[in-house]
Amino acid sequence: MELSKNYIPSATEEKWYKHWLDKKYFNSTPDERPSYTVVIPPPNVTGVLHMGHTLNETVQDILVRKARMSGFNACWVPGSDHASIATEAKVVQMLKEQGIDKNTLTREEFLKYAFQWKEKYGGIIYSQIAKLGCSVDWNRTTFTMDDHYYKAVIKVFVDLYNKGLVYRGARMINWDPAAKTALSDEEVEFKDIVGKLYHIEYKLEDENGNPIAPLHGGAGITIATQRPETIMGDTAICVNPNDERYAHLKGKFAIVPLIYRRIPIIFDEYVDPTFGTGALKVTPAHDINDYNLGLKHHLEVVDTLNEDGTLSEAAQIYVGVERFAARKKILVELKEKGYFIKEEEYPSRLGYSQRSGAVVEPRISTQWFLKMKEMAGPALSAVVNGDIKIHPGEKFLATYKYWLENVKDWCISRQLWWGQQIPAWYDEKGNVFVAETEEAASLKLQASSLEQQNAERLQPGAGSLKLTQDADVFDTWFSAWLWPMEVFNGISDPGNKEVDYYYPTSVLVTGQDIIFFWVARMIMAGTHYEKVKPFNDVYFTGMVRDKQGRKMSKSLGNSPDLLDLIDKYGADAVRFGIMISSPAGNDLLFDEASLEQGRNFNNKLWNALKLVKMWEARQMAEETKEIVDDSFELTDETKQLFGEIDQLPHDAPLDHANFSIAWFANRLQQVRAEVEVLYSQFRLSEALKVIYSLIWDDFCSWYLEWVKPGFEQPIEDEVYSKTIHFFEELMQLLHPFMPFITEEIYHLLSEKQDDLCIKQFAAIKATNNEVVAGGELLKQVISALRDARNKSQLKPKETIKLYIQSENNQVYKNIESILQKQVNAETINYVNETVPNATVVAIEKDKFYIESERKADTETIRTELLKDLEHQRGFLQSVIKKLNNERFVANAKVEVVELEKKKQADAEARIKTIEESLANLV
RNA sequence: GGGUUGUUAGCUCAGUUGGUUUAGAGCAUCACGUCGACAACGUGAGGGUCACUGGUUCGAGUCCAGUACAACCCA
């Protein structure tokens, strides 16, 4: 079989994803194995995956695939969120483009359009998830408006209402004038702006309506406001009772400019005398603080804005004018009429709607609320007790705690159509009946009418039974918070077999930006309804930023298209690139260079495959010629290494292949153990780095070179099969990160009945550190000798004569053939004294002499040696200083002192070696 | 204003209970290299005293305090 020059991902990826689906590897049903459950954070149904999702899904897939290969019944549930505001806004926009005004449609007509829209675009995210290689159970795909899910949301609302945890009332809420709906506190994003503070004078009157003598030369009292368009809603002026400037105004009145309404001067310590003029205009309808002040002082509430942000009839002037346009006009008029004093710049913060971007308006409105204090307690203790572990570390614990301890009631109603309609019905008198269905509500109404009739003897005919359902829908998060339960029908069918098996889920992987929107509320719902946490671990990924550190956003246009990236680099490379640059919990700077690194890694794997396939061909060729070379076999010692690695005879002579195989076998186990620890700590980026280096450096750069047969030479059967075995194990180790290429190579290495996707990891064996250290020494010697060759400007083809001066020649005899090949030595000899006229390289206590045709550059060598000598002497000095410190010797642990002594001996020996080498230079 | 986190090589980051050599990796840089796995590559090399100040300790990148700067969250 001919292998292409470079790895081509596209065909491979499609082939294997289809194969895995055909084999139903991703489908899970409860069985006797332990479950490993992950629910996907449902993306917006009509959205596309951005880089943040890509990171999230990749992390989840790695964890799920790892679990599936480690004896767990892995179940990853995909799905999407109806995203009420975002989707409705998109549908409204689409209708507008078709010339259709939402207001001319009935609810049913609108929903028909919305569902058409969902059908058309809802599949995009799913195809992207598939392209990325995510091993989700497609049979379990859930949408937050599926029938059972819809019913579950309704059921929960009714239940919470019956428990007294839900109430309806007029409160000050955040109003989005563009989407014309209420928002929760979490849906408001604050931005720093430089606003203006306008100073405006109000005329004063006494209780009899007579003008009061001018203050400070003016004709009244000056207030400072950022929002002059709200003055028509003023119902008081408030000053601090301790502010002597205004003490004489007790019981007096101010006149609102332009509309000339008389409003009282009130006194409250809330007002900061040092801010502005020390006098505050109070507009209870349009500011939360003013609202509270109004409640306290029983002030009138004048709402001067319509729901679309234009001025209302109550404003009396500029009715119908948009709020910011009205501000300009009012300022002009205030100036004309002499009420305007001055304006100044003022750094401030303004709330914007997370979805529509409109400036949010505080507004008094009748909405449904969920009492949060009662829900917060168990959710707080679940995390504080450590039942739910947050990764990384405790970084988010303080934030989480603070939010839950200070949480306010949650406004759950939205003035939209796309979502679960609130199951509350009103009779003609405005009485409310909450029930799961209209029939149930109707029964409640009848019951209550009967009671009333009996109690109050209502006139016959007054109690009409006509009911109207609340037009509003629920906040999207009021459905999303049930996600881990209801994907297994845990709410609609409590205690069913599936929810018992899969819930609580294993780990939730999500962005830290939705910790309050979603994570905290899922914990609330979970602890409330299942009486248990919804997940054992939470893994917060960082935010994906561009190279310059900016947030990725549509408006900046700096978010790349996922499918484009996959086309260009392949899914494996995208996964690699995003994972390698993503330390747990930290923001990651997305740079396409890391995807290139991933693609290059693919290629490296591919080329390694080509190399061993070439060996296979040679091996087979030899067999057909029946010139079977059976002179090689694994020594007992090497075999022992595979069985009981601990018992390597110290002086066992090893040939190059046995040495290489024993070394790599141990190195592999060492890394596997390391990776296992990293997985348990969710340090996936580091795990990938370790695997990457094991494959590229240890396997490709060292091991394959060491066992490589000579030019056009056949390879030993045993070496070949061990190499294939190593390669397969490496592919298995890498598979969760890069599933496609690893599966492909696994199958190309040899004929397979099974698939890597579900191949179970073998138990990790103990590592023989001595064997690993032997390999490290060999690497070090080879690198140092190559460096010396380079420094002497020897061409790769030029051979050298190598002389080794060591106290333990056996160590080098074991690796002699490898060494010879790797440094291109024609001979290797062992000596007991210095070799004149040779370049000398000192490693540990051993010396290596290089003799070549080319004359050694003694000056360079001398400089190098002197530099090394200086370094060693400095080091020795610091060690000696430490050892001469009596308090160190007295206080430090014995091992530490011993180590320092060894360091001293090593450094001294090394200095001696260098000095001898210097003396040897001519 | 309150809170959280961070500041280590040109860039992005590791450095897990303080002590295995006066700090590691990837990318970038430089030198050399192309007859057979790999130029999307190979072999080497250079580069930082760990933001700053002080403290604890026999010993601090690591612990504590303060300062500066940055990011994020909340009001």
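**Exercise 1. Find which helix gives the most to the surface near RNA strand B, and how many residues it supplies.**

Solution. Start with H18, which gives the most to this surface, with ten residues. Helices here are DSSP runs (H or I) of at least four residues, numbered from the N terminus, and a residue is near the strand if one of its heavy atoms lies within 4 Å of it. This is a predicted model, in which local features need pLDDT of at least 70, side-chain atom pairs count only at pLDDT 80 or more, and totals for chains, interfaces and linings use all residues. Residues are numbered from 1 along each chain as its sequence is written.

Next, widen the view: 46 residues surround RNA strand B, and Lys604 and Trp696 are among the closest. By class they divide into 15 nonpolar, 14 polar and 17 charged (Ala, Val, Leu, Ile, Met, Phe, Trp, Tyr, Cys and Pro count as nonpolar, Asp, Glu, Lys and Arg as charged, the others, Gly among them, as polar).

**Exercise 2. Work out which part of RNA strand B a polar side-chain atom of Glu705 lies 3.1 Å from.**

Solution. Look first at Gln597 for comparison: a polar side-chain atom there lies 3.0 Å from a sugar or linking oxygen of RNA strand B. Arg786 also places a polar side-chain atom 3.0 Å from a sugar or linking oxygen. Now turn to Glu705, where the partner is a base nitrogen.

Finally, take the strand's side: of its atoms within 4 Å of the protein, 62% belong to sugar or phosphate and the rest to bases.

How values were computed: Chains lettered and ligands numbered in written order. Heavy atoms only, no water. Polar contact = N/O pair within 3.5 Å; in protein donor to acceptor, adjacent residues only side chain to side chain. Helix = DSSP H or I, 4+ residues; strand = E, 2+ residues; numbered from the N terminus.
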